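Let's take a friendly walk through a protein model together. Have a look at the picture first, and then we will go through some of its features.

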Amino acid sequence: MAEHPFDMDSSSFDAEKYLERLLKDCSLKQIMDTEAAVVKDTQTLHSDMQTLVYENYNKFISATDTIRRMKDDFKQMETDVNLLMTKMQSITTFSEQITGTLQGTRSQLCRLSEKHSLLKRLQFLSTLPAKLKSLIEEQNYAQAVQDYLHAQKVFAQYGRQPSFDGIQRDCDAIMADLKERLRKDFQRAGNTAQSLTEIGELLLQLDEKTSDLASEMLTCAGKRLHEQIVMLQDQTERDMLEFVDMGIDGFLNDLALVVTSYFDMFVAKHYEQERDDFQENALQELNIFLNANIDKYLTLVQDRVESDIGYGDTQVMLRALDRLHRRLQAMRNICRGLEVQRNTVSIIIGAAHQLCDAHAKNLKDHFADSLSAVRLSLVSAKSDAATGLNLSDLISNLYVAMVEKIKGVLQDLLIFLRTDWSFNIKAEHKGALCVEGIRENLLIGFLRHIAKVMCGFGEASSSSPPNLLLVLSKTCLELEQQGVHILIALVDDLYEIDSENSATLTHETEICAEMRETAQALLDAYVRLQGTNISQMLRKSVETRDWLNCLEPRSVRAVMKRVVEELGSIETVVASLYEATSNTATGFRTTASSDSSRKTYFSNFASTSKPQYRSNWSNYTPSQLESSYVSNIHRLFSERVEIFTSVEFTKASIVMGIIKIGLKTLLECVRLRTFSKYGLQQIQVDAHYLQMNLWRFVSDENLVNFLLDEILGSAVQRCLESVLMEPNAVEIICERG
């Protein structure tokens, strides 16, 4: 940076020029401000310099003292150095004198030293055969081989001497016996991997053929490892963790030692006397040997896992497999150049599948037991009313038991996905399929099993009690409305499954539809069964009576009263489960419709009132009742009534379905009988009694009135003397009855 004459901090600052410029360019006030600033900066600088001097004053004093002491020390040091020089000169003089004195004997000492060394070698060779025998007897084979190999160098140097030939032959014979003994020990069954390695190293040092020794080492090691496998097969009383620890400490450690020793001896080293592809072939053989033995061991572990699934502690099993997985991972790192093809993840995935199957069976067994408990509770119920009150508890217990059991199973299986395991089954394709299988095969499969089993109770061949069908139908409806959503949302959340965007996973709506279909089928079966029970009573009451020889009716037949009572009991049970369509808590209607002719229905032919639904038969005279055209015209202009149709999940619809089946049966039975005048009048009284009582159970009275009208019309057609009873008489009989 160029120096500026107007910069006070610059070395080229010119005060005259700076003052001249200041007077020229600045006003008086600016000049005075500049003067004040310069004075202030000058005072500040003086203060800083004074502070700096004070701060360093002690340092200056210390430095002065130090320099003074150094002058004194250097004087003493100079005296000591001069004394040292004098002594070193004396030492040099004595050394030269000693060297001159020993100059003549130095070469003689060297020759003596060489002779001493040679004598020691000769002494070693002369005592070598005896020493080798002693070491072999002590089974110190490694030292014997080391001494023999050391002696070979001496024999190579002095082997032409006749005296050495005998010693060498003795040593060779001794080592040949040792080599044979080592070979037998190498082939002996029960050798540990450590002993195989040690013996193999000694045989290689004794010039054993490398290719033969490599093959024989794997064969002998395979026998030892097979013994380990057999021993592990007998450890059935140990838990999974102890079993795996034994395998790791025994089998896998031996296998790792064999592999590393073989690799170091035959793969990592190059042997001149062997073919060029020896190392490559040795590595290939080692790879085959390693994978074959790991496959044997993992197959044994897999068999043990399969036998423990459903009986042992799953967490203990997974801890054991986690430990095994870590050990195999370490072996992969140790076994350089080798590929361990099989791992424990496939075993863990298989265990998860098997545990899913076991849980699925447990869920099905638990469901079967729950159904048996429900059936037993229904059988032991005292009365229909009590049963009706108990049905809600039975449904709640059955529903809650199933949902909680499934939740518990899903939580148990979540242990496979813990983050602290060394394995991650979701990272593999089969593992991801396994996780989806927990959702599909276990949860969805069990929900479909529930629907299938429950649906089986509603089949015609089943002899299920009616209330059981009602309980199962309501349970399926509960599952459809909330249970399926809760469980599928739970499994998707726990296992992080995106079922909404998956094309292969079952959607929630499919299962809900199946549950609703099952609930509908069971409810329809309940209606059919209860309707059949009512129908049997009515059919027997018609078929067992002589309608041609009846007395004039004085009361309602007992079967009609029984039918009304039975329908009342049925409605009480149904009302405890399904929303009532009435204005009262009991579910009974307490007010009739605006039909003022209800009490004289079917009999008041002369009445001029206009009922909501009026009998077509009342428009004809008694003489016209004999005409067959009346019934044909009546059917022509009437709506067809569907009897066996699906009912809605309401009390009124269920009870109406049962009534329709009963009245349709009564209608068909009436069409098959022939009636006298009094028989017709008895049917008239019974129909009027049913009309007086059945309107309380239904929301559509017209349908009941239509069927009762059909029944009376059919009786009129089948009557030999079609004379109906007076309305007042019918009303009195029915009210009295």
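Which kind of contact do the side chains of arginine 439 and aspartate 492 meet in? They form a salt bridge, with N and O 2.9 Å apart. Keep in mind as you read that this is a predicted model.

## A salt bridge between two helices

General chemistry helps here: side chains of opposite charge can pair when their charged atoms come close. Arginine 439 belongs to helix 13 (residues 429-457) and aspartate 492 to helix 14, so their salt bridge ties together parts of the chain that are 53 residues apart in sequence. Arginine 439 counts as buried because its relative accessibility is 0%, which falls under the 20% cut-off. Aspartate 492 is buried too, with a relative accessible area of 12%.

## The chain as a whole

Now step back and look at the overall picture. The secondary structure consists of 21 helices and zero strands. The chain has 737 residues, and 42% of them are buried. About 41000 Å² of the chain is exposed, and carbon and sulfur atoms supply 52% of that area.

How do distant positions come together? Take the contacts in the chain with a separation of 6 or more: residues 24 or more positions apart account for 78% of them.

## More charged pairs

The structure holds 25 salt bridges. One of them joins arginine 224 and aspartate 254, whose closest N and O atoms are 3.9 Å apart. This pair links distant parts of the chain, since arginine 224 sits in helix 7 and aspartate 254 in helix 8, 30 residues apart. Arginine 224 is partly exposed, at 21% relative accessible area, whereas aspartate 254 is buried, at 14%.

Another salt bridge is formed by the side chains of lysine 474 and glutamate 478, with an N to O distance of 4.0 Å. Because these two residues are four apart in helix 14, about one helical turn separates lysine 474 from glutamate 478. Both lysine 474 and glutamate 478 are buried. Elsewhere, Lys664, Glu668, Arg671 and Glu710 are joined into one network by salt bridges that share partners.

## Patches on the surface

Next, turn to the outside. Which residues gather in a patch of negative charge on the surface? They are Asp234, Glu237, Asp239 and Glu242. Aspartate 234 is in the loop between helix 7 (210-233) and helix 8 (240-267). Aspartate 234 counts as exposed because its relative accessible area, 53%, is over the 50% cut-off.

There is also a nonpolar patch on the surface, covering about 490 Å² and made by Met70, Phe74, Met77, Val81 and Met85. Valine 81 is part of helix 2 (residues 28-102). With a relative accessible area of 41%, valine 81 is partly exposed.

## An unusual backbone angle

Here is one last detail to find. In general, most residues other than glycine have a negative phi. Glutamate 496 is not a glycine, yet its phi is positive, at about 55°.

Where does glutamate 496 lie? Look in the loop between helix 14 (466-494) and helix 15 (508-543). Is glutamate 496 buried or exposed? Glutamate 496 is exposed, with a relative accessible area of 66%.

Note on methods:
Residues numbered from 1 in each chain as written. Predicted model: local features only at pLDDT ≥ 70, side-chain atom pairs only at ≥ 80, totals over all residues. Heavy atoms only, no water. Patch = residues over 30% accessible without salt bridge, like charges linked within 9 Å, V, L, I, M, F, W, Y side chains within 5 Å. Areas by Shrake-Rupley, 256 points an atom, 1.4 Å probe, with all protein chains shown as cover. Lys, Arg positive; Asp, Glu negative; His and termini not counted. Charge placed at Lys NZ, Arg CZ, Asp CG, Glu CD. Buried < 20%, exposed > 50% of the residue type's maximum accessible area, 1.4 Å probe, protein only. Contact = heavy atoms within 4.5 Å.
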